[in-house]
Amino acid sequence: MRYGYIGSMKVKPGHRAEVVAVLVAGTDGLCEAGCHLYVVTESATDEDTVWVSEVWESKEHHDASLQLPEAKAAISKVLPLLTGEFTRQETHVTGGLGV
């Protein structure tokens, strides 16, 4: 069964567009790493929240992807722009459009 991850991050005021741009640009190599879906969205109700939804071949694929140079670079760029407030939900993906 595929692994799903849905998370949110709070961004320091005025930095949401910058964080989104970094997260979207850091997708090189995700398909080869086992990623089936990677979506970055801005909250419609909170201008300082970014959501990321992901579907992976497995949790192991997801965990290994965090070691990719692109992922490490993106994480190091956005960390200083975040408040440290995060949510996360791991799921078992059972199907749907696009997966």
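Valine 52 is buried in this predicted model, with a relative accessible area of 5%. The residue belongs to strand β3, which covers residues 49-56. Apart from neighbours within four places in sequence, valine 52 is in contact with Tyr5, Ile6, Gly7 and Met9, with Leu23, and with Tyr38, Val39 and Val40.

Serine 65 is also a buried residue, at 4% relative accessibility. Helix α2, residues 59-65, holds serine 65. When residues up to four places away in sequence are not counted, serine 65 touches Ala33, Trp56 and Ala71.

Isoleucine 75 lies in helix α3, which runs over residues 69-78. Isoleucine 75 counts as partly exposed because its relative accessibility of 37% falls between the 20% limit for buried and the 50% limit for exposed.

The three residues are listed below with their elements and accessibility.

| Residue | Element | Relative accessibility | Class |
|---|---|---|---|
| Valine 52 | strand β3 (residues 49-56) | 5% | buried |
| Serine 65 | helix α2 (residues 59-65) | 4% | buried |
| Isoleucine 75 | helix α3 (residues 69-78) | 37% | partly exposed |

On the surface, Ile75 is part of a nonpolar patch together with Leu66, Leu79 and Phe86. The accessible area of these residues together is about 360 Å². Leucine 66, one of the patch residues, stands 14 residues from valine 52 along the chain, and the C-alpha atoms of the two are separated by 14 Å.

Methods: Residues are numbered from 1 along each chain as its sequence is written. This is a predicted model: local features need pLDDT of at least 70, side-chain atom pairs count only at pLDDT 80 or more; totals for chains, interfaces and linings use all residues. Side-chain values use heavy atoms; hydrogens and water are left out. Patches are made of residues with over 30% relative accessible area and no salt bridge: like charges are joined within 9 Å, nonpolar side chains (Val, Leu, Ile, Met, Phe, Trp, Tyr) within 5 Å. Accessible areas come from the Shrake-Rupley method with a 1.4 Å probe; for residues, only the protein chains shown count as cover. A salt bridge is a side-chain nitrogen of Lys or Arg within 4 Å of a carboxyl oxygen of Asp or Glu. Helices (H or I, at least four residues) and strands (E, at least two) are DSSP runs, numbered from the N terminus. Buried means under 20% relative accessible area, exposed over 50%, partly exposed in between (1.4 Å probe, protein chains only). Contact means heavy atoms within 4.5 Å.
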